[in-house]
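Here are my notes for you to read with the model open beside them. Take the points one at a time and find each residue as you go.

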Amino acid sequence: MKQRWTRDEIDLWHRNLPWLVGCNFIPSTAINQIEMWSKETFDEQTIDRELGWASDLGFNVVRVYLHDIPWKEDAEGFKSRLDRFLSLAAKHDIRVFPVIFDDCWFEPVAGEQPVPRPGIHNSGWVRSPGRAAVTNEPCWVELELYVKDIAARFGNDPRIIAWDVYNEVANFFLPVAALPEAERTIAYHKVLEDRPAQAAQALKLLEHCFQWLREVGVAQPLTAPVYFDEPEVNEQLASFSDFISFHCYEPPAALRTMINRLRQHDRPMWCTEYLSRVENSLFETHLPIFKEHKIAAINWGLVDGKTQTKFAWSDQGGDNEPEKWFHDVLRKDGTPYSSEEVSFVRRFIGETPADT
C-alpha cells in the first residue's frame, strides 16, 4: 500500500508546480453536488462557459465536490460525467482538485433537488455521505466501493492535481446559521450535544478514506483541511495529509497567524477556502500573502447562482442583493460583481510568479 508522501517527495512535487490560484467551483445552475453530477441535470454547456470565465481571470485550478449518490444511481455514467468535466477543465488549462466526502450543510436526498430559498446561503448544499451513513458502519462497504472505483479510474489522471479526502470533517453547525437568533441558539446546543459521537465516526471514516485511496495507489497527493480551532483534530488531519490544507475566512492578521502555526508541519500549504468580504478576507489582502509563501489560493465561489453564496451564512433571507457580496466573483452573465476587484485579480496573477 502506498504510504504518506515523505517531506522530500511532497516538497519536490510542490516546487515543480506553478503558483496555484483558483476557486471552489459549482455551475450556477446547480444548487448542490447531486444536481451538478446527476444525469438529468449535468449542465455541460454552463460548466464549459463558466470554466472559461475562470481561466480568463487567470485561475489554473478548481476545487470541486463529488457526491456518492449520483455514483450509486449510475456509477459508469457518473465517471463518464467526471471525465467530461476534467476534459472541459483541461481545455481551459485548469487542473482539478476533487473533494470526496463533506460534512457541511444538509442531509442528502436522492432525486430532484430543492429550489433555492431566497436570500439564504447554500440553502440546498448537502453532506456526503450524510449522518445516516457516517454513523452506520455497515454502509461503509458501499462507500469503500465508491472511493476505490473513482480512485481506480482517475488515480493516475494528470488532469487531477490532488485529492481532498474529507471537507470540514465534523462541521455539523452550518444548517443552523440562517435561523432566527432564538431558534439558532436552541439548534446550536442540539448540534453540540450530538456532535461527539457523530464526530468520532466521521474521523474514523476520514481515516478509512485515506487508507482506501492509498490501497488503490493514487498517484496524486492527499489532504484534508484544517478549518476550526480543535488542536487534537487538526493534528490528526495534518498527520494523514501529504500537504497541509486549511480554510481562512478571517482578516490578514489572522491569516498570517494561521500560516505561522501550520509551518510546524514543514509541508507545503494550500488555502482551499477563503474570501469573506464582510470579514476583510479579500483578494486584495490575501493574494499577496499567499503569493509570498507560494500557498495555493482557492477562494469560495465563482458565479452567483443557485447556491446563493453572495449572501452570508447568517443572512435571514429575502430578494434584495446584499450591498457587499460574501463570496462569488461574477454575475450569471459573466460580468463582475466588482470591476476593480477583477482587474486586480487578473493583474496580480499575471505578475511575476511566486517564489519556489
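1. Let's begin with a term: a residue is buried when its relative accessible area is under 20%, exposed when that area is over 50%, and partly exposed in between. Try it on Asp74, which has 26% relative accessibility and therefore counts as partly exposed. Keep in mind that you are looking at a predicted model.

2. Which residue does Asp74 form a salt bridge with? The partner is Arg81, and the closest N and O atoms of the two are 3.5 Å apart. Arg81 has a relative accessible area of 6%, so this residue is buried, whereas Asp74 is partly exposed.

3. Next, look at Leu82, which sits in helix 5 (residues 75-91). Is Leu82 buried or exposed? Its relative accessibility is 0%, so Leu82 counts as buried. Set aside the neighbours within four places in sequence, and Leu82 is in contact with Trp37, Leu66, Ile150 and Phe154. For a sense of scale, pick out Ser241: Leu82 and Ser241 are 159 residues apart in sequence, and their C-alpha atoms are 24 Å apart in space.

4. Stay with helix 5 for another salt bridge. Asp83 forms one with Arg159, and here the closest N and O atoms are 2.7 Å apart. Asp83 is in helix 5 while Arg159 is in the loop between helix 7 and strand 4 (163-167), so this pair ties together parts that are 76 residues apart in sequence. Asp83 has a relative accessible area of 24%, so it is partly exposed. Arg159, at 18%, is buried.

5. How many salt bridges does a search of the whole structure find? The total is 27. One that deserves a look joins the side chains of Asp242 and Arg214, at 2.7 Å from N to O. Asp242 lies in the loop between helix 9 (231-240) and strand 6, and Arg214 lies in helix 8 (residues 181-216), so the pair ties together parts 28 residues apart in sequence. Asp242 and Arg214 are both buried. You can also find a network of salt bridges that links Asp304, Lys310, Glu321 and Arg331.

6. Now for the aromatic rings. To describe a pair of them, you give the distance of the centres and the angle of the planes. The count comes to 27 aromatic pairs. Take Trp71 and Tyr146: their ring centres are 5.5 Å apart and their planes are at 55°, so the pair is tilted. Trp71 is in helix 4 (residues 68-73) and Tyr146 in helix 7 (residues 140-154), so the pair ties together parts 75 residues apart in sequence. Trp71 and Tyr146 are both buried.

7. What is the arrangement of the rings of Tyr274 and Phe283? Their centres are 6.0 Å apart and their planes are at 85°, so this pair is edge-to-face. Tyr274 and Phe283 are buried too. Elsewhere, Trp5, Trp13, Phe97, Phe243 and Trp270 form one aromatic cluster. And don't miss Lys291, which lies over the face of Phe348 at 4.5 Å from the ring centre.

8. Helix 10 (residues 252-262) is a good one to turn around on your screen. Its buried residues are Leu255, Met258, Ile259 and Leu262. Viewed down the axis of helix 10, these residues fall within an arc of 100°, so they line one face of the helix. Here is the general idea: an α-helix has 3.6 residues a turn, so residues three or four places apart point the same way. What do the buried residues of helix 10 pack against? They pack against strand 6 (244-247), strand 7 (269-273) and helix 11 (283-293). On the other side of helix 10, Ala253 and Asn260 are exposed.

9. Last, have a look at strand 1 (residues 21-24). Strand 1 pairs with strand 8 (residues 296-300) in the parallel sense, over four bridges. Strand 1 also runs parallel to strand 2 (residues 61-65), and three bridges join these two. Find Gly22 and check what is across from it: Ile298 stands opposite in strand 8, and Val61 stands opposite in strand 2.

Terms used. Residues numbered from 1 in each chain as written. Predicted model: local features only at pLDDT ≥ 70, side-chain atom pairs only at ≥ 80, totals over all residues. Heavy atoms only, no water. Pairing = 2+ DSSP bridges. Phe/Tyr/Trp six-rings, centres within 6.5 Å; stacked < 30°, edge-to-face > 60°. Buried < 20%, exposed > 50% of the residue type's maximum accessible area, 1.4 Å probe, protein only. Lys NZ or Arg CZ within 6 Å of the ring centre and 35° of its normal. Arc of directions from axis to C-beta. Contact = heavy atoms within 4.5 Å. Salt bridge = Lys/Arg side-chain N within 4 Å of Asp/Glu carboxyl O.
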